[in-house]
Structures are given as structure tokens and as C-alpha cells.
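Got your viewer open? Let's take a walk through this model, one selection after another.

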Amino acid sequence: MTAIKHALQRDIFTPNDERLLSIVNVCKAGKKKRNCFLCATVTTERPVQVNVVKVKKSDKGDFYKRQTAWALRDLAVVDAKDAVKENPEFDLHFDKVYKWVASSTVEKNTFISCIWKLNQRYLRKKIDFINVSSQLLEESVPSGENQSVAGGDEEAVDEYQELNAREEQDIEIMMEGCEYAISNAEAFAEKLSRELQVLDGANIQSIMASEKQVNILMKLLDEALKEVDQIELKLSSYEEMLQSVKEQMDQISESNHLIHLSNTNNVKLLSEIEFLVNHMDLAKGHIKALQEGDLTSSRGIEACTNAADALLQCMNVALRPGHDMLHAVKQQQQRFSDLREQFARRLASHLNSVFVQQGHDQSSTLAQHSVELTLPNHHPFHRDLLRYAKLMEWLKNTDYGKYEGLTKNYMDYLSRLYEREIKDFFEVAKIKMTGTTREGKKFATLPRKESAVKQETESLHGSSGKLTGSTSSLNKLSVQSSGNRRSQSSSLLDMGNMSASDLDVADRTKFDKIFEQVLSELEPLCLAEQDFISKFFKLQQHQSISGTTNEAEEMDGGTLSRSYTSGVPQTVSSEKDMIRQMMTKIFRCIEPELNNLIALGDKIDSFNSLYMLVKMSHHVWTAQNVDPASFLSTTLGNVLVTVKRNFDKCISNQMKQMDEVKISKKSKVGILPFVAEFEEFAALAESIFKNAERRGDLDKAYIKLIRAVFVSVEKVANESQKTPRDVVMMENFHHIFATLSRLKISCLEAEKKEAKQKYTDHLQSYVIYSLGQPLEKLNHFFEGVEARVAQGIREEEVSYQLAFNKQELRKVIKEYPGKEVKKGLDNLYKKVDKHLCEEENLLQVVWHSMQDEFIRQYKHFEGLIARCYPGSGITMEFTIQDILDYCSSIAQSH
């Protein structure tokens, strides 16, 4: 490329007084490759012209020729296509866009950099360089005589150098002296040379004239050196004098340092002694309180608390390095340890005696609570013990072994106390549930002694709240064959009948109140005990320390097991875990007793599970809002599972009884017992579950029960022999529809529509089936007429058929005069009356539908007569008005 550049400069640009600064080998983009060169040039004459010249090889030889030239000032945009990736393509925007592809990216970048520099040096116009790397666009080229344009063209610098302003001014003065009449340049140059020689001689003479002044200056320097020597002698004498003073000052300084060091040591020693005295000295009053303080009075407890805090501060003081090696410090620490051990034993012994006394004293108050359904109040005991809360915190921080021993003893004594109280409380609840019933009701019993009632309830204790054995015979009703629907079928329920004649609503309300009172008494008892445990054993502000044990091990072993190394626990759990473990140990009898009570309530009446589900759900919801992980929330949640299981069992037993129901073959069916019982169940459930949290459970039970009712109604209707199937379906689905419409149960809207549709369909079916009997021959005659028409005979030609002529029609019509029609309708009414039951009261509805259907058939017969026997004058022997009168008089007569 260098050879080509020199050749182009020599052959093309030098003849035109131009210098070639940069060259790039290119071809046009998108066309057949015909290489050419783009050259950046400047003129040697001023003003400088900058051009971009396109040079290509001649077709007739190996020489190059100038093809196109563009002025750089006409260039608007330089587009390098991509500033990051290497791309040989670039565009130059002159009067139009010229697209080029360089032979290499290096040549392209060099050419674009040269154009940018030329623009900066000569034009300073706005040329847009887009997609060009910032490295190619250098800072603006500074102006200077030796600044090259195209990357340092030294050859160009040698040929031409611009004059500066001073040189131009001197040349102008010289030219003025010659009056701009320089005709002989050589003579002018010789003149300048002579003047330069004269100027050099003048300079040398000036230097020679200044020699005298130089000699004077040298003398002055010699005198100054002599003065300096004298000053140095004086300074040496002064230094010798100061040397003795320095030695004396050093001795004084060393003496002062020793004095300061001694004072510093004394101050530090005093500080250490004051520290030990102030922080490791326990007042005599505190020592006496720890050794002999009264732990029964409030003043004595306060004094012991203050003394224990002071002792703890003395023991926990952060000793400085070396203090632990002092004999006095060791003696004081041993004394503190003895005091701590002595007071800890005394405190633990006293609190243990308080726990034991509480268990005995509380037993005397149980008698007054045994009659009423209330639990004893432990608030006074908690109030008295809370005075020791700070001492318990001190014991927890200083002697965890004794703290844990107190925790275990508290759980042991209080668990036995609470177990007696809670068992007596639940016995009273069971007596109130079972001992007060009215004569003649289900589960009615003669007054019994409390011991007998207790024996009955205690028989439930061993089964963890689950009833075993077969269903009580008191809860089953045999199928009767009388007209009363209550006595003709078995009970829908396995445990407890929902009929008001078998169990009064007051009994269930009484059970609900007792169950709610039980939960209401247990809830504050547990919350108060949990609050006391957290405050007394200081499990609120600190992480409680407990072992990693299973609940089963805690219940069986009766301890909270922990392992220690030098009295320090190895495992740590949250305060909530320890509180829950203590509550589980103390109230371990609550869950079994609740399960037994639930089993008894379920045995008395299985519908009690509805009340228990609502009440228990509400209390669980309340407990979970306070603390989802608390003992009360967990226990009530476990019991709720049992209640829900009993509720599901109740629903399953009802569905099972539906499958096993049997009907009498000799009496009409009427409203099936499980249909009526579903109505009573739904009414009861709606009153119980109003605004309840577990409404979803009831809705699911509704869906199961109603589907079972539908299936069982169809099953009974298919098996009925005395009562037509349509009547059984019509009456029972009408009753179901009326029940669902009255109760407005949102989840059963689809079933309500289905019940209405089934009622309507079977009503229509029964009416159509029954109406065929009073006008049987007339129906057969017109069925034959319609059959002939269906075979293709024209309606007006039917009368020419022998079996369906006018005489035959008149003969059939004469068999049904008005008197016979009324008699037939009367017989039909009596038959319908025998089929329908009185409870549902659908006789008039059915009779009205039959009347409408009869009139529709009458109009149909008249239409056939008019079409098939036109002009015959044949009419029925009774009119529509007669039919209305017959039906009305028959209904009134019955």
C-alpha cells in the first residue's frame, strides 16, 4: 500500500500541487467488485483545499487516473456501520449516499480518522460521524507549527513550515526598509548576512566591556567568605557552651520521667483497688438478707430480691486481666458462690413448700364448686407467687438446675391439683346432662343417685371418648303399620331421634348451655395459668431453655429432660415450646375429659354433635386468633377433630337408615319419615349454624343428605304396592320443595329446582294416568280415529269407516251422559282421595289439575268431531260448564 501511495502522489497529485494524506482500497457495495482507491488530499497552496478523490486503474494500462473528486466541505455524514464489531463497510454522504466496502477494517478506520482530523484542522464544520468508535475520534487537533495532519507526515513538515507572528512582523519591517524593491534575492541575502556579522561583533564588545564589573563582583565574594568564617567560629563556641546545659537538662528530664512513672503507677493501682472494692464488695445488709431474709412477707421478699440482684452483679463483674490471680479476689468469689448456693437452696425449698401447701389448701375449696358448674379460681395463688417472679429469674440465670427442679415440682403438684378439679368439674357437667330428664321422653330415667350416674359416665372413660358396642335400643324405632307416619317407619337416626315427641328442644338447649359453660370455664383457666407460667418462670423476655424431647416422652416421664455440661444446658428452644410443654403436663387431663364429655353428649343425642361442632369451632377460632401455637388452641383443635368425626358419623348413620327403611305393603305411603326428618334436621341445623364458622361442614352434609333423600324416595316409590309411584314421588318431592323454599338454604338451590321439577312431572303423569278411566270407551274410539288419520285417511273421510261412522260415534257418546260422567268423576275423586295422604294436602291441587286435563281432552274430542264429522250435528251430551259444575260439587260434597 505504501508503494501505491507514492506512485499516486508522484503521478496524480504532485502535478496538481496536492499532497496525499490517506488512502483506502474500496469497491462499491452490492455490485461486482471493481477495486478503486479513495484518497484524502490537501492542496499546497493557500487557502488550503481538502478533497476526497476517487482514483481507479485505467482499463488500457497499469497506470491510474483521477475519476471523481468531492470537496470535504460538501461531506455531511460518515457512517461506519458498526462501532463495536469489525465491519469493512462504510457510507459517505455527499450530494448523495455513496456505499463502499474497504479491503480491510484497518484501512477503513485509518481513512475515517484522517477525515476527522482534516475536518478539525481546516474546516471545523459539522460532519456527523455515526457508528464510529470513540477511539478513532481523537480530541481536537491543537494549532501549532509542527502539527502534522495525517498521522505525522514528517516529510510534509520538512517541506513546509508556517511562520509565526513575530517572524512575519520582522520580515515586513525588513521589506519596508527595502521599500519592497527586492529584485535580487542573492544580494538581499548577502546584505542580511553582513548585518548579522555586525550584530555579533557588537555583542562580543559588550561582553568585553563588562569584565571590570566582574572583577569587582569577585572581590565582594571574597570578603563575604571571610565574614562567614568568623560567624562559624562564634557558633562553635556557642555550641560548646550549650553542650553542658544539654547534659544538665537530660538529667532533669530523666528524673521527671521517673517521678511521672511512679505517680502513674500509683494512680493505676488506686484505680484497680477502687474497682475491686466498688464492684466486688457486697453490703452487710444484703448478706444478711440472703442468709436470713424472710421469704414469706412482701418486705422480706423485696429485700431478698435486691440482695440477690446485688450478688449477681458482683459475680458477673467483668474482671480485668490479672484480677483472677489475686488471692483476695479468689476468696471473695468463693464467698459469693457460697452465698448464691445457700440462698438458692433456701429459695427452692421455700417455693417447693408453697407449691405443696397450695395443693393441700386448694383441695378444701373443691367442695363448694362440686355442686355448681364452675372451676376454682387460682388468681390469689398466682398473685402470691408472682411476688417471687424476680427471684425465679435470678435463679434461672444463676442456678439453672434448681430452676428446672422447681419447674418440674410445680408441674407435678399443680397437675395433680388441676386433675382433681377438672375431673370433679366434668363429673358435675355429666350429671347435669344425664340426671335431669323428663318422664316420657327418650332417655327418661327415674332419679338416680350421683354414684350411679358417675358409674355410668365413668364407663366411658376408658375408650378415649369413643363409644363402642351396638346402637342403643332406646334410639331405634320399629316400623308400625298405622296411618301415623311417625309410627310406620324406622328412625332416620342411629343415636337420638330428631322428633319433638321423642326429645324436647329444651333438652338440647340445656345440653348446649352446659357444653358452652364447660368451654367458657376451661378457656380462662388455661389462659390464666399460661399467663402466670410465662410471668413467673420468666419465659417472656428471654429464650427459654429446654431439652429436645418428644411430647410422648414428656407425658410418660413427667419431666422435661435436659442434658448439662457444667450446669449449662446444651440445647435451647423457644419460650413458646417450653410454655406449651408445661401446659401439656399440667392440663394433661383436659383433652381426655373433653372427649369423654363429647362421647356422652353424642350418646344422649347424636344431634348434640351439631351444637358441639359450632361451639368448639368458635372457641378454636378464638384461641387461634390469640395464639395459633398455644396449648389451648392445640388441645381444642384436637378435640374439634373428634367432634367433626362424630358429626360425620351422625350424617352417615342418617344416610344408612335411609337405605334400610321399609314401608308397609297394606297402607298408603304418604310423606316418608326420612323426608319429614330431613325437614326437622335442616330446621334444627339452620338455627344452630346461624353465623357459625363451620358453615361449610353443614353445607357438605346437606348435599350428601338431600341426594340420599332423593335416591331413597325413588327407591321407596318403585317398591310401593299400595300407593302409585307417581303419588309417592309427587307428595314427597312437593314436601321437599316446600321445606327448601321455607328454609332458603343457598347451597341447595339446585336441589330445590330439581325437587320442584320432579313434583310437577309426577303430578302431570298421575293426572294423565288417572283420567283415562271415567271415559274409557270414548277414549278408545277417538284413539282409533286418530290412528286412521295417522295412516293417511283424510279427516273428513273417517266417518265412512265402518267402525268409526256417525252411528258408532253416537252410540259411544250415548254411553256417557252427564249423569254417568259425574258418577265417573266422583269415583275418580274417591280413588285419588285414597291415594293421597292428608299431611301434604294435595287433593285439591290434584283435583284441579285433573279438571283442567279433563277439559283439555273434552276440547280435543270436540275438535276431532268438528273435523272428522263436519255438518253431522253430533255433540257431547255434557258441556265444559257441566264439567266445572260436576267437579265443584264433588269437591264440596267430600
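Start by selecting D17, which sits in the loop between α1 and β1. Keep in mind that this is a predicted model. D17 has a positive phi of about 55°, although it is not a glycine.

**The sheet**

Next, colour the strands. How many strands form the open sheet, and in what order? There are eight, running β4-β3-β2-β1-β7-β6-β5-β8, and their pairing is mixed. Now pick out the edge strands, β4 (64-71) and β8 (128-130), each of which pairs on one side only. Turn the view a little: on average, neighbouring strands of this sheet are turned by 30° against each other, direction ignored.

**Two helices on the sheet**

Add helix α1, residues 2-13, to your selection. Helix α1 packs on the sheet and touches β1 (18-28), β2, β3 and β4. The direction of α1 makes about 115° with that of β1.

Now bring in helix α2, residues 105-123. Helix α2 packs on the sheet too, and the strands it touches are β1, β2, β3, β5 (77-79), β6 (89-93), β7 (97-102) and β8. Its direction makes about 140° with that of β1.

**From β2 to β4**

Zoom in on β2 (residues 36-43) and β3 (residues 50-57). These two run antiparallel and are joined by six bridges. Click on L38 and look across to β3: K54 stands opposite.

Stop off in the loop between β2 and β3, where you'll find P47. The peptide bond from R46 to P47 is cis, with omega near -5°.

Back to K54, this time looking towards β4. Which residue of β4 stands opposite K54? That's T68. Seven bridges join β3 to β4, and these strands run antiparallel. Together, β3 and β4 form a hairpin, with six residues between them.

While you have strands on screen, show some side chains: in a regular strand they alternate between the two faces of the sheet.

**A nonpolar patch**

Leave the sheet and select V214, I216, L217, M218, L220 and L221. Switch to a surface view, and you have a nonpolar patch with about 560 Å² of accessible area together. One of its residues, L220, lies in helix α6 (residues 211-279).

**Two crossing helices**

For the last stop, select helix α13 (residues 400-434) and helix α17 (residues 575-586). Their axes come within 8 Å and cross at roughly 35°. On the α13 side, the contact includes Y400, Y403, Y410 and M411, while α17 brings in M578, M582, K585 and I586. What classes of residue make up this contact? Nine are nonpolar, two are polar and two are charged.

Terms used
Residues numbered from 1 in each chain as written. Predicted model: local features only at pLDDT ≥ 70, side-chain atom pairs only at ≥ 80, totals over all residues. Heavy atoms only, no water. Pairing = 2+ DSSP bridges. Helix = DSSP H or I, 4+ residues; strand = E, 2+ residues; numbered from the N terminus. Axes fitted to C-alpha atoms, helices over the stretch in contact; angles between N-to-C directions. Contact = heavy atoms within 4.5 Å. Patch = residues over 30% accessible without salt bridge, like charges linked within 9 Å, V, L, I, M, F, W, Y side chains within 5 Å. Areas by Shrake-Rupley, 256 points an atom, 1.4 Å probe, with all protein chains shown as cover. Salt bridge = Lys/Arg side-chain N within 4 Å of Asp/Glu carboxyl O. Nonpolar A, V, L, I, M, F, W, Y, C, P; charged D, E, K, R; others polar.
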